[in-house]
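Visitor: I should be grateful for a close look at a single part of this structure. Please choose one part and describe it in one connected account.

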Protein chains: 2
Amino acid sequence: MQLTFLGTGAGIPAKARNVTSIALKLLEEKGSIWLFDCGEATQHQILHTNIKPRRVEKVFITHLHGDHIYGLPGFLASRSFQGGESPLTVYGPKGIADYIAVSLKVSQTYLKYELNIVEVNEGIILDEDQFYVEAKMLEHGVQSFGYRIVEKDRPGALLTEKLAEMGVKPGPLFREIKAGKEVTLENGTIINGKDFVGPSIKGRIVTILGDTRSCSAAVELAKAADVLVHEATFSEKEAAIAGEYYHSTAGQAATNAKEAGVKFLILTHISARYDTTETLLEEAQAIFPASSVAEDFKEYEIPAYKE
Amino acid sequence: MQLTFLGTGAGIPAKARNVTSIALKLLEEKGSIWLFDCGEATQHQILHTNIKPRRVEKVFITHLHGDHIYGLPGFLASRSFQGGESPLTVYGPKGIADYIAVSLKVSQTYLKYELNIVEVNEGIILDEDQFYVEAKMLEHGVQSFGYRIVEKDRPGALLTEKLAEMGVKPGPLFREIKAGKEVTLENGTIINGKDFVGPSIKGRIVTILGDTRSCSAAVELAKAADVLVHEATFSEKEAAIAGEYYHSTAGQAATNAKEAGVKFLILTHISARYDTTETLLEEAQAIFPASSVAEDFKEYEIPAYKE
Ligand SMILES: [Zn+2]
Ligand SMILES: [Zn+2]
């Protein structure tokens, strides 16, 4: 599981930072990639990575500001043109379906894959075998969502030695024991699978927020996350502007990270006014040391928990 | 007057060629720039040029395929964000107004300048002091326009020596004489301004075509143009594909240039299948020697005629 930043700037593209898009690579886990936001030229950024558009299975839009969606029609069209045939689902605030429909219709773009669009509300918006995703509204003047991506805990290792002591040999029963079911052995003994499985393996939690003022929903979504991606458009000096325009400062992001007890904080959506991000990083690390400032094309590994 | 190519590729962006956009710089002539098409990331390409978005006064869309319009909402929004306050007019096929309206509305983008949208038909779509623009339908499966930009001829130089012989001295009368009006001199003599003005100065003609199969409208629009910009998506080998997909080959573009009697031909909208454009250029030059293949960021000077 990796997070690759495709665009880390705020509002308008600049040479050093494109507008927002983040790829959550779940290639080892499920062979697919999830995109979060799709600012203009996201598909251009992808050309400079190893990401295959046909691998992108879901796109989550945090909010409908242009710097987060204007790359979506082009990405959807090119994914088809480049041979993408597997279904793709877009999740986003109310209005995203209209925007996609009109863009594709006006340009007479016919996709060769099934496109599903889900206009989301707060709550669990997606629940699969391995992952579920929870959405909560943030504070950005317009509807802006944060997404908490939760990898479900996996059953622990089978305690094969303990089973051997009971005379149970590897075979079809193992799967049922591992699933924690009650099983009747050949000799008639009934055992509870749960007693023969080690502690479950913790799943990872990744929280990716849309643009927002510092707010309690940000902290709730980030509770005990392995990684929190928080916007930090401004430095502390610009705290008043940040508040006025519904954005956060680096320090506010760090305070939320600390309060939520996350493992690692990544700051993104950096205003073009900052030539270097030293000050932003210092402000964050003074409050929450495990902080990093994202750059375009920077990739962060999110290691799995061990058995 | 210069033509700057911001994107010269076909269909989808590639590392070497972005999707279509062309800037016609009229800075010396009228202090403004006209854009032709606005594929995704046109505003990104502009970041690498000396073009100021606020100088862009008009955007002409040839047709509504995504690779020609998906950069428009972002360009319009950023022009406002970067302080553009002067009015801007977009010309394009029916549907362009809807596309812009929905894109700006969904993203809650409020422009600080007056935006006019003109859905065009064939004919003179614009007539100003210095320039007029004529549109004609091409053959592209969808409505696709070619635009003929005509600089109006300017009055020739005032024949000051001949006027001196008549005893006319520089003064307010000069303006009326230059305008070709009848004027009564101090001594009562009536002279015709037209007799005291040199031959008028020819204006330039630039023809920019949307995607098209080779067709007679292309030749009509290009008649005696100083520069013809013609798509050449394919090489002669792919002539069948070109026809099937409503595109042109380099040779067809050259044949049209020759038939129209243009001065110079620029090929653009090059398929990403070609690593080099040598073959395309050779094919064109075999028919019409004054041919060139556009590259992203290449700029062509279109010299003014002398007095
Ligand atoms: Zn934003
Ligand atoms: Zn095209």
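Guide: The account below starts with helix 5 of chain B, moves to the contact between the chains, and ends with some individual residues.

This is a predicted model, in which local features need pLDDT of at least 70 and side-chain atom pairs count only at pLDDT 80 or more, whereas totals for chains, interfaces and linings use all residues. Residues are numbered from 1 along each chain as its sequence is written, chains are lettered from A and ligands numbered from 1 in the order in which they are written, and side-chain values use heavy atoms, with hydrogens and water left out.

Helix 5 of chain B comprises residues 96-106. Helices here are DSSP runs of H or I with at least four residues, strands are runs of E with at least two, and both are numbered from the N terminus. The buried residues of this helix are Ile96(B), Tyr99(B), Ile100(B), Val102(B), Ser103(B), Leu104(B) and Val106(B). Buried means under 20% relative accessible area, exposed over 50%, and partly exposed in between, with a 1.4 Å probe and protein chains only. The cover over these residues comes from both chains: it includes helix 3 (66-69) and helix 5 (96-106) of chain A, and also helix 3 (66-69), helix 4 (72-81), strand 5 (88-92) and strand 6 (115-119) of chain B.

After helix 5 of chain B comes Gln108(B), in the loop that leads from this helix to strand 6. Gln108(B) is not a glycine, yet has a positive phi of about 50 degrees. Most residues other than glycine have a negative phi. Gln108(B) is partly exposed, at 40% relative accessible area. Asp37(B), also not a glycine, has a positive phi of about 70 degrees. Asp37(B) belongs to the loop between strand 3 (32-36) and helix 2 (42-46) of chain B and is buried, with a relative accessible area of 3%.

The contact between the chains takes 36 residues from chain A and 36 residues from chain B, where contact means heavy atoms within 4.5 Å. The area buried between them is about 2,700 Å², and carbon and sulfur atoms give 67% of this; buried area is the accessible area (1.4 Å probe) that two parts lose on being put together, summed over both. On the side of chain A that touches chain B, helix 2 (42-46), helix 3, helix 4 (72-81) and helix 5 each supply at least two residues.

The two chains are related by a turn of 180 degrees and a shift of 0.1 Å along the axis, which lays chain A on chain B with an RMSD of 0.1 Å. The superposition is by least squares on the C-alpha atoms of residues with pLDDT of at least 70 in both copies. This is the relation of a two-fold axis. The C-alpha of chain A nearest the axis belongs to Ala41(A), 2.7 Å from it. Both copies use the same surface, since 100% of the contact residues of chain A recur in chain B.

One further residue of chain B is Thr8(B), in the loop between strand 1 (2-7) and strand 2 (21-26). Thr8(B) counts as buried at 0% relative accessibility. Leaving aside residues up to four places away in sequence, Thr8(B) touches several residues, among them Arg17(B), Thr268(B), His269(B) and Asp296(B).
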